[in-house]
Structure formats: structure tokens, C-alpha cells
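Biologist: Could you take me through this protein step by step, explaining the terms as they come up?

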Amino acid sequence: MQQSFPMNAGDGPHSYLNNSHFQRQAINVSRTMIEEAIAKKLDVKCFSSNPFRLADLGCSVGPNTFIAMQHIVEAVERKYLAQGLKSEMPEFQVFFNDHVANDFNTLFASLPTERRYFACGVPGSFHGRLFPESSIHFMFSSHALHWLSKVPEELLDKNSPAWNRGRIHYTSGPEEVSHAYAAQFEHDMEIFLSARAKELVVGGMIVLLIPALPNGIPASQSPYGVKFDLLGASLMDMAKERLISEAQVDSFNLPIQLASLEQMTELVERNECLIIERMELECAMFLRAGLEGVFAQHFGSGIIDQLFDRLSKKIMESSHQLEPVGTLLFVVLRRK
């Protein structure tokens with residue numbers, strides 16, 4: 001069964017709405033690359049349908065999705081003009097997709113009034129089909145595809161070599177744990193790419209921003225991995241103080257996989273309908289606003305403030321140089 005871990009809802013002090021500036025920075029940094037991809041690789045002459053349809057997969061609650069969609073719409077408009085198609089400029093329709101538990105009320109309450117597109121919501125998991133065949137021209141997803149559809153089952157089996165006792169992630173675990181995460185990620189990504197290939201029109205484009213591992217750096221030494229390990233250590237401290245039980249920690253695992261460039265390249269190449277136009281590593285991060293929901297669901301909301309307070313102290317005490325950024329994989333795919 002697929003699991004749902006929406007970002008923090010509403011507009012409070014710990015909401016995703018007010019704590020997603022690193023994701024916004026990543027979108028802004030990648031803006032030029034997205035514009036280049038559209039200018040050089042998106043052939044709008046092959047699109048006969050009107051409107052031009054875009055989808056943001058894993059949109060959360062804004063405002064980052066609105067910034068990204070506006071950038072893309074403007075870039076597509078420039079492409080129509082560059083190809084001498086001013087008279088054929090289409091209207092635009094944007095589909096905002098996320099899990100059914102996402103706070104769509106906050107999302108649509110903050111829709112820009114001056115937008116140049118028609119908006120609609122599409123609740124549901126992107127680990128499966130969302131749209132009719134050959135119906136979408138451009139798909140975008142930022143800081144979403146690192147979430148697995150579910151925690152690998154072996155991690156909860158005490159008789160399995162992949163039982164992840166005393167840890168909440170694979171970053172400092174044995175190889176069996178890493179392999180279980182990698183297998184789940186590959187399964188999810190194959191389903192994702194297959195679904196998107198069916199939904200895209202021929203010549204359509206996908207742009208992905210995925211939290212990833214830097215080349216040559218173990219997961220345990222990456223900014224993401226270090227913070228995940230510190231979160232696990234904070235939980236174990238709380239278990240020792242009997243604020244929570246060790247059994248709760250043993251039965252909890254973050255459903256997050258940090259992809260590598262090599263892994264993503266291989267997965268895309270298995271799909272015969274998509275081609276890689278560009279794939280490279282760049283640099284951005286999330287934490288409480290993106291992770292609170294998954295911890296609260298397992299441990300209860302009562303421990304959240306204390307957990308992240310402890311994490312902050314551990315980061316301050318850590319010998320690691322922890323910058324508020326992580327590595328991102330920038331991916332541009334096109335439908336054959």
C-alpha cells in the first residue's frame with residue numbers, strides 16, 4: 001500500500017508555505033537551465049492541441065509551484081514567438097498534483113491573481129497514472145521524487161538482514177538496508193517514468209529536480225545524510241529518556257532515497273519512450289517543513305518541537321560543516 005506524507009499544511013510558523021525558501025532557491029537557480037531546455041529542445045510546432053497543458057507533480061502548497069509554473073509558461077510563450085507562431089499562441093492549463101492529503105485549500109487560496117493560465121487540482125500519487133494518454137505537453141517536479149511510495153518491508157522484519165534497528169535511514173546502515181532502499185526507489189521510478197511516458201504528447205518534456213548524492217561522497221557524509229543521522233540520534237536520546245520507546249524508533253524509517261546521477265541515468269535508459277536531453281548535479285534543502293508530517297504520524301505530534309530542538313543542538317555540536325544546502329539532480333527528459 002502506498003503511503004502519504006504531505007508537507008506541513010496551513011500558513012503557521014512551521015508550515016511548508018513559510019519554510020520552503022531553499023526549494024525556492026533551487027527553482028530560481030535552475031530557471032536558466034529550464035529556459036534553455038525549452039528554447040533548444042521543445043519543438044512547439046509539433047503540438048496541434050490547444051490549450052498547452054502543464055503539470056507540477058508534488059506541488060505541495062505553494063508559493064514555489066506558482067513561481068515555477070509562471071517561469072515555464074513565460075518560456076513557452078517565448079518559444080512560440082521565436083518559432084514565428086505568435087498567431088498560434090495557445091492558452092495554458094496547469095494541473096497541480098499532490099497526494100490527496102495535501103493542503104489544497106491553502107494552495108488554491110494563494111493562487112496568483114495575475115496568472116496567465118487556468119488552474120486545476122489533481123489529487124493522487126504520481127507513482128501511477130494521473131492523466132489521459134498523450135494529454136500533457138510539459139511536466140515538472142521539484143523536491144518530490146526522493147519520497148518513496150512506501151518504506152521497504154524488509155526494514156521492519158526482525159528476521160531480515162535489512163532490519164534497520166536503532167536507525168531511521170540507510171545512511172549509516174549495513175549494505176542490506178541500502179539495497180532495500182535502492183530496490184524500492186528503482187521500482188517506484190520505473191512506474192513513475194512509465195506513467196509519464198504514456199501521459200506526455202510526442203515531443204513533450206519533463207523537468208525534474210531531485211535531492212541527490214554528490215559524486216564520490218557516501219550518503220552518511222552528505223548534508224542530507226548527516227542530518228538524517230542526527231535526527232535518528234535525537235530520537236534514540238528521547239527513547240533513553242523514555243519519552244518514546246525504542247520499539248517506536250526501530251519500527252520507523254524515513255521513506256527517502258537520495259538518487260545518484262548514474263542510478264537515474266540507468267533507470268531512464270530502461271524506458272524506451274523517453275530520452276535524456278540533460279542530466280547534471282547542482283546544488284539546495286528542506287527539513288522540518290518537509291519532514292514533520294512523517295515523524296508526527298509515527299511518534300505523535302507531542303514530541304515534534306522537542307525533536308527538532310534537539311536536532312538543532314546536535315547540528316551546532318556537530319563537527320561536520322553543515323551548510324543549509326544539499327545536492328540536486330537536474331534532469332530534462334523528452335518523449336520520443
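Modeller: Let me begin with a term: a residue is called buried when its relative accessible area is under 20%, exposed when it is over 50%, and partly exposed in between. Please also keep in mind that this is a predicted model.

Biologist: With those cut-offs, into which class does R278 fall, and which residue is its salt-bridge partner?

Modeller: The relative accessible area of R278 is 25%, and because partly exposed is the class between 20% and 50%, R278 is partly exposed. Its closest N and O atoms in the salt bridge are 2.8 Å apart. The partner, which is itself partly exposed at 28% relative accessibility, is E280.

Biologist: How many helices and strands does the protein chain have, and what share of its residues counts as buried?

Modeller: The secondary structure comes to 10 helices and 7 strands. The chain exposes about 14,500 Å², of which carbon and sulfur atoms supply 50%. Of its 336 residues, the share that counts as buried is 55%.

Biologist: Which helix gives the most residues to the largest nonpolar core?

Modeller: That core holds 67 residues, and those touching the most other members are F131, L235, M264 and F295. The helix that gives the most to this core, with 9 residues, is helix 6.

Biologist: Is helix 6 largely enclosed or largely open to the outside, and how far does it reach?

Modeller: Of the 18 residues in helix 6, 13 are buried, so the helix is largely enclosed by the rest of the structure. Helix 6 runs over residues 223-240, and its span from first C-alpha to last is close to the value expected at 1.5 Å a residue. That reach is 26 Å.

Biologist: Which residues does F295 touch, leaving aside those up to four places away in sequence?

Modeller: F295 is one of the residues that touch the most other members of the largest core. Once sequence neighbours up to four places away are set aside, the residues in contact with F295 are I168, L231, L235, F252, L254, G300, I304 and L307.

Biologist: Which residue just after helix 6 has a positive phi, and what is its value?

Modeller: Most residues other than glycine have a negative phi, so a positive value is worth pointing out. The residue here is R242, which is not a glycine and which lies in the loop between helix 6 and helix 7. R242 counts as exposed, because its relative accessibility of 78% is over 50%. The phi of R242 is about 60 degrees.

Biologist: Which residue in the loop between strand 3 and strand 4 has a positive phi?

Modeller: This residue is also not a glycine, and its phi is near 55 degrees. With a relative accessible area of 41%, it is partly exposed. The residue in that loop is S134.

Biologist: How far apart in the chain are the salt-bridge partners R165 and D250?

Modeller: The side chains of R165 and D250 meet at 4.0 Å, N to O. R165 lies in the loop between strand 4 and helix 5, whereas D250 lies in helix 7, so that the pair links distant parts of the chain. D250 counts as buried, because its relative accessibility of 11% is under 20%. Along the chain, the separation of R165 and D250 is 85 residues.

Biologist: Which residue forms a salt bridge with R270?

Modeller: The closest N and O atoms of this pair are 2.9 Å apart. Both partners lie in helix 8, 4 residues apart, which is about one turn of the helix. An α-helix has 3.6 residues a turn, so residues three or four places apart point the same way. The partner of R270 is E266.

Terms used:
Residues are numbered from 1 along each chain as its sequence is written. This is a predicted model: local features need pLDDT of at least 70, side-chain atom pairs count only at pLDDT 80 or more; totals for chains, interfaces and linings use all residues. Side-chain values use heavy atoms; hydrogens and water are left out. Helices (H or I, at least four residues) and strands (E, at least two) are DSSP runs, numbered from the N terminus. The expected span of a helix is 1.5 Å times one less than its number of residues. Buried means under 20% relative accessible area, exposed over 50%, partly exposed in between (1.4 Å probe, protein chains only). Accessible areas come from the Shrake-Rupley method with a 1.4 Å probe; for residues, only the protein chains shown count as cover. A nonpolar core is a set of buried Ala, Val, Leu, Ile, Met, Phe, Trp, Tyr and Cys residues joined through side-chain atoms within 4.5 Å. Contact means heavy atoms within 4.5 Å.
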